[in-house]
Amino acid sequence: MNIGSHTVAITFGTSPVVLPAPLANLVRELVATRRGKAKIGTPDDVPWLFPGGHPGLPLSDSQIGKRLHRIGIRPEQDRSTALFTLATGVPAAILARMLGVHVKVAIQWQQASAGDWAAYTADVSLRSSTEPAPSAPPTPR
């Protein structure tokens, strides 16, 4: 995590992502108001957004998951939704490269996420083209 005077960036792997202003402001507030274990023995320039209980390490995935569950967020479901949504708008080859999955997996995600919608859209387009256009009301004399 890197908080500059104008930008806030979070690094996932080796790629930093600059956060948009509303989210950047929330992250600045989180860092400024840390308390409890996350603050004890931790220097102000800690690189982690969510420092763990062990000095120099981030909060574990399982602990983050437990915290999210307590506030009603289900990471597994939300991750799946995000992946399927992404699969509907990105070609499989690019999706596979972006996420580091095999192209066959990306194709399966696309088929699972777009199959029903594609059939629905085709059905709706056929219905609207075969239905007669509404007739104009008679003009008063």
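This report walks through a hairpin, a pocket, a loop proline and a helix in one predicted model.

**The hairpin**

Start with strands S2 and S3. S2 covers residues 8–12, and S3 covers residues 15–18. The two strands run antiparallel, and 4 bridges join them. Two of the facing positions can be named. Thr11 has Pro16 in S3 as its bridge partner. Ile10 stands opposite Val17, also in S3. Between the strands of this hairpin there are 2 residues. Gly13 takes a positive phi there, near 70°.

**The second largest pocket**

Next comes a pocket. The second largest pocket holds about 390 Å³ of space. Its lining counts 13 residues. Closest to the centre are Ile10, Thr11, Phe12, Leu49 and Phe50. Two elements, S2 and helix H2 (61–70), each give two or more residues to this lining. Which element gives the most? S2 does, with 3 residues. By residue class, the lining of this pocket divides into 10 nonpolar, 2 polar and 1 charged.

**Pro51 in its loop**

Now look at Pro51. It sits in the loop that lies between helix H1 (21–32) and H2. Is Pro51 buried or exposed? Its relative accessible area is 9%, so Pro51 is buried, given that the cut-off for buried is under 20%. Pro51 and Arg34 are 17 residues apart along the chain. Their C-alpha atoms are separated by 9.8 Å.

**Helix H4 and what follows**

Helix H4 covers residues 92–99. Its residues Ala92, Leu95 and Ala96 are buried. Seen down the axis of H4, the buried residues fall within an arc of 100°, so they line one face of the helix. After H4 comes Gly100. Gly100 has a positive phi, near 70°.

**Two glycines side by side**

Both glycines named above have a place beside regular elements. The table sets them out.

| Residue | Place | Phi |
|---|---|---|
| Gly13 | hairpin of S2 and S3 | positive, near 70° |
| Gly100 | follows H4 | positive, near 70° |

**Pulling it together**

Strand S2 appears twice in this account. It is joined to S3 by 4 bridges, and it gives 3 residues to the lining of the second largest pocket. Ile10 and Thr11 also appear twice. Ile10 faces Val17, and Thr11 is bridged to Pro16. Both Ile10 and Thr11 are among the residues closest to the centre of the second largest pocket.

Terms used
Residues are numbered from 1 along each chain as its sequence is written. This is a predicted model: local features need pLDDT of at least 70, side-chain atom pairs count only at pLDDT 80 or more; totals for chains, interfaces and linings use all residues. Side-chain values use heavy atoms; hydrogens and water are left out. Two strands pair if DSSP finds at least two bridges between them. Buried means under 20% relative accessible area, exposed over 50%, partly exposed in between (1.4 Å probe, protein chains only). The arc is that of the directions from the helix axis to the C-beta atoms. On a 1 Å grid over the protein atoms alone, a cavity is a set of points where a 1.4 Å probe fits but cannot get out, and a pocket is an open set with protein on both sides within 12 Å along at least five of seven lines; lining residues have an atom within 4 Å of a point. Grid points are joined across faces, edges and corners, and a volume is the space filled by probe spheres set on the points. Ala, Val, Leu, Ile, Met, Phe, Trp, Tyr, Cys and Pro count as nonpolar, Asp, Glu, Lys and Arg as charged, and the others, Gly among them, as polar.
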